[in-house]
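Reader: I'd like to zoom in on one part of this model rather than tour the whole thing. Could you keep it chatty, and give me the cut-offs as you go?

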Amino acid sequence: MGRVLALPIHVGIAEKVRDRLELDRMAFSENIYYGPCPLCGGNKSFFMWLHKACFHCYQCGADGVFGRAPESTIGMIAAANEKPKEG
Ligand SMILES: [Zn+2]
């Protein structure tokens, strides 16, 4: 690693959303996470590429980039917050 890259702030947003959604990490990648879609409820259809701070749902087709579309980021977090708690 000869070069140090500053992490863009939207990666931090993606990390928060990942944590809120409790996404699982793909076994073969440190940067790809998946889980239920907060928008359509699709089971394991929601994928996030953490290093690119972007997401896509293979069921409802929702996608976006965290930090570049603030309204969608807020919507994602709001949806995550509304996820019913179990137990
Ligand atoms: Zn979806």
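What pLDDT does the protein average, and what percentage of the residues score at least 70? Once that's settled, please take me through strand 4, the place of Phe 55. Which strands pair with strand 4, and what is Phe 55 in contact with?

Author: Confidence first, then. The protein averages a pLDDT of 82, and 79% of the residues score at least 70; pLDDT is the predictor's own confidence in each residue, on a scale from 0 to 100. This is a predicted model, so local features are taken at pLDDT of at least 70 and side-chain atom pairs at 80 or more, while totals for chains, interfaces and linings use all residues. Residue numbers start from 1 along each chain, following the sequence as written. Confidence peaks in strand 1, at 97, and is lowest in helix 2 (residues 70-81), with a mean of 72. Where pLDDT is low, the predicted coordinates should not be read in detail.

Now a bit of context for your strand. The protein has two helices and five strands, running α-β-β-β-β-β-α from the N terminus on. Both kinds of element are DSSP runs numbered from the N terminus: helices are H or I with at least four residues, strands are E with at least two. The five strands make an open sheet in the order 1-2-3-4-5, with antiparallel pairing. Strand 1 (24-25) and strand 5 (63-65) are at the edges with a single partner strand each, so one side of each has no neighbour in the sheet. Two strands count as paired if DSSP finds at least two bridges between them.

On one side, strand 4 (residues 54-57) pairs with strand 3 (residues 46-49) over four bridges, in the antiparallel sense. You can walk along that pairing: Phe 47 has His 56 as its bridge partner, Met 48 stands opposite Phe 55, and Trp 49 is matched with Cys 54. The two strands form a hairpin with four residues between them, and Ala 53 in the turn has a positive phi of about 55°.

On the other side comes strand 5, again antiparallel, this time over three bridges. Here the bridge partner of Phe 55 is Gly 64. That hairpin has five residues between its strands, and Gly 61 in the turn has a positive phi of about 85°.

Following the sheet past strand 3, you reach strand 2, joined to strand 3 by four bridges and antiparallel to it. Met 48 turns up again there, with Tyr 33 opposite, while Gly 35 stands opposite Phe 46.

Next, the faces. Strand 4 has Phe 55 and Cys 57 on its covered face, and Cys 54 and His 56 on the uncovered one. Strand 3 next door has Phe 46 and Met 48 covered, with Phe 47 and Trp 49 uncovered.

As for Phe 55 itself, this residue is buried, with 28 other C-beta atoms within 10 Å. The cut-offs, with C-beta atoms placed from the backbone: 20 or more others within 10 Å means buried, 12 or fewer means exposed, and in between is partly exposed. Over the protein's 87 residues, 18% count as buried.

Leaving aside neighbours within four places in sequence, Phe 55 is in contact with Phe 46, Phe 47, Met 48, Asp 63 and Gly 64; contact means C-beta atoms, placed from the backbone, within 7 Å. Phe 55 and Phe 66, 11 residues apart in sequence, are 8.1 Å apart from C-alpha to C-alpha.

Strand 4 also feeds the core. A nonpolar core is a set of buried Ala, Val, Leu, Ile, Met, Phe, Trp, Tyr and Cys residues joined through C-beta atoms within 7 Å. The largest one has 14 residues, of which Ala 14, Val 17 and Met 48 touch the most other members. Helix 1 (9-21), strand 3 and strand 4 are the elements that give two or more residues to this core, with helix 1 giving the largest share, three residues. Not counting residues up to four places away in sequence, Ala 14 touches Met 48, Leu 50, Ala 53 and Phe 66. In soluble globular proteins, nonpolar side chains tend to be buried together.

How values were computed. Two residues are in contact if their C-beta atoms, placed from the backbone, lie within 7 Å.
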